[in-house]
Amino acid sequence: MTPSLDRRRFAAVADVVAGEVGTETVFTYHEHDGVVWADYTGGSIRRGHLVGTRDGDRLDFRYVQLNNDGRTSSGHCVSEISVLPDGRLRLHETWSWESRPGSGVSVVEELPGVTDPGYGSR
C-alpha cells in the first residue's frame, strides 16, 4: 500500500472538462484508520469538502462544493493512488455528478514540498 494521504496537498494537473476543479484548486487530504477526508478551494471553487474510505490504494468518496457563482454541487468519486518517480503521490480519479448530469476523469498530483502543518488529522 502507498503511504498515507494525511496532510498531503494536491492539485489537478489540468483543468477538468465537465467539472469545476482546475489547476488552481488545492486539496488538503487527511487520513485515519481507513477514513479519508479533504478540504479544497481555489480557481472556480469557493469551498469544497470530500469524505470517504480507503481500501489499499483505492479511495471511494462523496464530495460537495460551492463555486464562485454561489451554486452547490455534489458527486461521487473513485480514485486509484500511485507513486510518482520522485515519491509524490498521484490520484487517478473517475467521478460523476450526483446533483446534475455529467461525469469524467481527472488526475491530481501531490504538490512538491508542501504539507499541511497538522490541521485536523483526527
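Here is a short chat about Glu109 and the salt bridges in this predicted model.

User: Where does Glu109 sit, in terms of secondary structure?
Analyst: Let's place Glu109 on the chain before looking at its surroundings. The stretch 103-115 forms a strand, and Glu109 falls in that stretch, so the element is strand β8.

User: Is Glu109 buried or exposed?
Analyst: Glu109 has a relative accessible area of 15%. The cut-off for buried is under 20%, so Glu109 counts as buried.

User: Which residues beyond its sequence neighbours touch Glu109, and which side chain makes a polar contact of 2.4 Å with Glu109?
Analyst: Skipping anything within four places in sequence, Glu109 is in contact with Arg9, Phe10, Ala11, Val13, Leu84, Arg88, Leu89 and Arg90. A polar contact of 2.4 Å runs from the Glu109 side chain to that of one residue on this list, Arg90.

User: How far apart are Glu109 and Val51 in space?
Analyst: Along the sequence, 58 residues separate Glu109 and Val51. Going C-alpha to C-alpha, the distance in space is 18 Å.

User: How many salt bridges turn up in the whole structure?
Analyst: For this one, the search covers the whole structure rather than a single site. The count comes to eleven.

User: Asp57 pairs with Arg54, but which of the two is buried?
Analyst: The two form a salt bridge, with the closest N and O atoms 3.4 Å apart. Asp57 has a relative accessible area of 26%, which makes Asp57 partly exposed. Relative accessibility is 9% for the other partner, so the buried one is Arg54.

User: What is the sequence separation of the salt-bridged pair Glu98 and Arg62?
Analyst: Their side chains meet in a salt bridge at 3.1 Å, N to O. The pair links distant parts of the chain, with Glu98 in the loop between β7 (89-97) and β8, and Arg62 in strand β5 (residues 58-67). Glu98 is partly exposed at 45%, and Arg62 is partly exposed at 43%. In sequence, the two are apart by 36 residues.

User: Asp86 has a salt bridge too, so is Asp86 buried or exposed?
Analyst: The partner is Arg88, and the closest N and O atoms are 2.8 Å apart. Arg88 is also among the residues in contact with Glu109. Relative accessibility for Asp86 is 52%, and the cut-off is over 50%, so Asp86 counts as exposed.

User: Which residues are linked in a network of salt bridges?
Analyst: Here we're past isolated pairs and into a linked set. The members of the network are Glu20, Asp69, Arg71 and Arg100.

How values were computed: Residues numbered from 1 in each chain as written. Predicted model: local features only at pLDDT ≥ 70, side-chain atom pairs only at ≥ 80, totals over all residues. Heavy atoms only, no water. Helix = DSSP H or I, 4+ residues; strand = E, 2+ residues; numbered from the N terminus. Buried < 20%, exposed > 50% of the residue type's maximum accessible area, 1.4 Å probe, protein only. Contact = heavy atoms within 4.5 Å. Polar contact = N/O pair within 3.5 Å; in protein donor to acceptor, adjacent residues only side chain to side chain. Salt bridge = Lys/Arg side-chain N within 4 Å of Asp/Glu carboxyl O.
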